[in-house]
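Reader: Hello! I am new to this structure and would love a close look at its aromatic rings. Could you walk me through that part?

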Amino acid sequence: MILQSQRRFNLSHGPHRQSTLGGISLLNNVQPFLGAHPEGLDIINVFIPRTVFENAIGPVKHVVGLTLDPAQTTFPIISSYLQSLIEHSTFLTPARKARMAAVAVELIAAGFGERMEQDPPQSLSGAALLDRAQTFIADHIGAEGLSMEDVAAALNLSVRRLQEVASAENISLMDWMGERRLQLAHAKLADVANSVMPVGLIAYHCGFVSQAHFSRRFKERFGQTPTEFRASIIADHSRDRAGVRLLKRR
């Protein structure tokens with residue numbers, strides 16, 4: 001990550017070549033790149049572990065070489081925060097530094113997310129778009145009535161384009177979302193800590209709008225109704241506890 005100031009910086013990284021006056025460029029420092037600063041060196045290097053950044057934005061290979069323009073909405077916020085963090089870092093405890101650094105990563109990721117939505121790079125493959133769609137669905141799986149329109153809007157795509165991408169990858173996002181909801185409900189019902197929670201509430205928390213529809217889908221997928229499955233889990237748990245008590249007596 002290079003936070004450029006008001007001096008011109010020339011960057012060549014993979015297919016990306018640019019000359020910019022101020023901005024934030026994302027570099028992969030394990031790959032060759034060329035950076036020239038004919039007007040003098042005046043940059044800030046921010047090193048972010050790849051895994052940390054990918055947890056926030058997804059696969060970074062699709063954004064390496066891109067630059068956040070100073071005219072971009074999020075740029076002044078990110079720039080101001082980073083410079084303030086550097087200025088005051090000596091007064092922060094290690095724990096506070098870690099928390100503030102995590103905020104910085106989220107801000108930077110949001111900036112590049114905005115950049116990709118405004119100007120998606122040609123290298124952004126269908127697989128990458130699908131990964132972003134699935135990540136959004138997973139993060140909002142409990143939202144009632146979550147639709148493909150919502151997912152497409154979050155990715156700044158048309159529903160038709162989203163469907164084309166999923167079809168090319170041989171995936172139905174609606175089916176994938178339904179399976180994720182069922183797996184989440186299955187895990188919640190299997191947790192004895194939720195044994196007093198009504199089945200209908202669990203269905204609602206997993207994004208189902210109808211308990212009858214949920215029960216039907218659950219039985220089709222797992223061979224038991226949610227109520228039957230929960231009863232079997234509770235019975236198994238009771239037998240296990242009884243067995244433990246018996247062993248203790250012996």
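Author: Happy to help; here is a walk through the aromatic pairs, followed by a stop at another helix.

A word on the basics: this is a predicted model, in which local features need pLDDT of at least 70 and side-chain atom pairs count only at pLDDT 80 or more, while totals for chains, interfaces and linings use all residues. Residues are numbered from 1 along each chain as its sequence is written, and side-chain values use heavy atoms, with hydrogens and water left out.

Searching the whole structure turns up 4 aromatic pairs. Rings of Phe, Tyr and Trp (its six-membered ring) pair if their centres lie within 6.5 Å; planes under 30 degrees apart count as stacked, over 60 as edge-to-face and the rest as tilted. One of the pairs joins Phe218 and Phe229, which is tilted, with 5.8 Å centre to centre and 50 degrees between the planes. Phe218 sits in helix α9 (residues 211–222) and Phe229 in helix α10 (residues 226–249), so the pair links distant parts of the chain, 11 residues apart. Helices here are DSSP runs of H or I with at least four residues, numbered from the N terminus.

Are these two rings buried or exposed? Phe218 is buried, at 0% relative accessible area, and Phe229 is buried too, at 9%. Buried means under 20% relative accessible area, exposed over 50%, and partly exposed in between (1.4 Å probe, protein chains only). Ring pairs also link Phe208, Phe214, Phe218, Phe222 and Phe229 into a cluster.

Now to helix α4 (residues 126–139), where Gln134 lies. Gln134 is buried, at 16% relative accessible area.

Key
Helix = DSSP H or I, 4+ residues; strand = E, 2+ residues; numbered from the N terminus.
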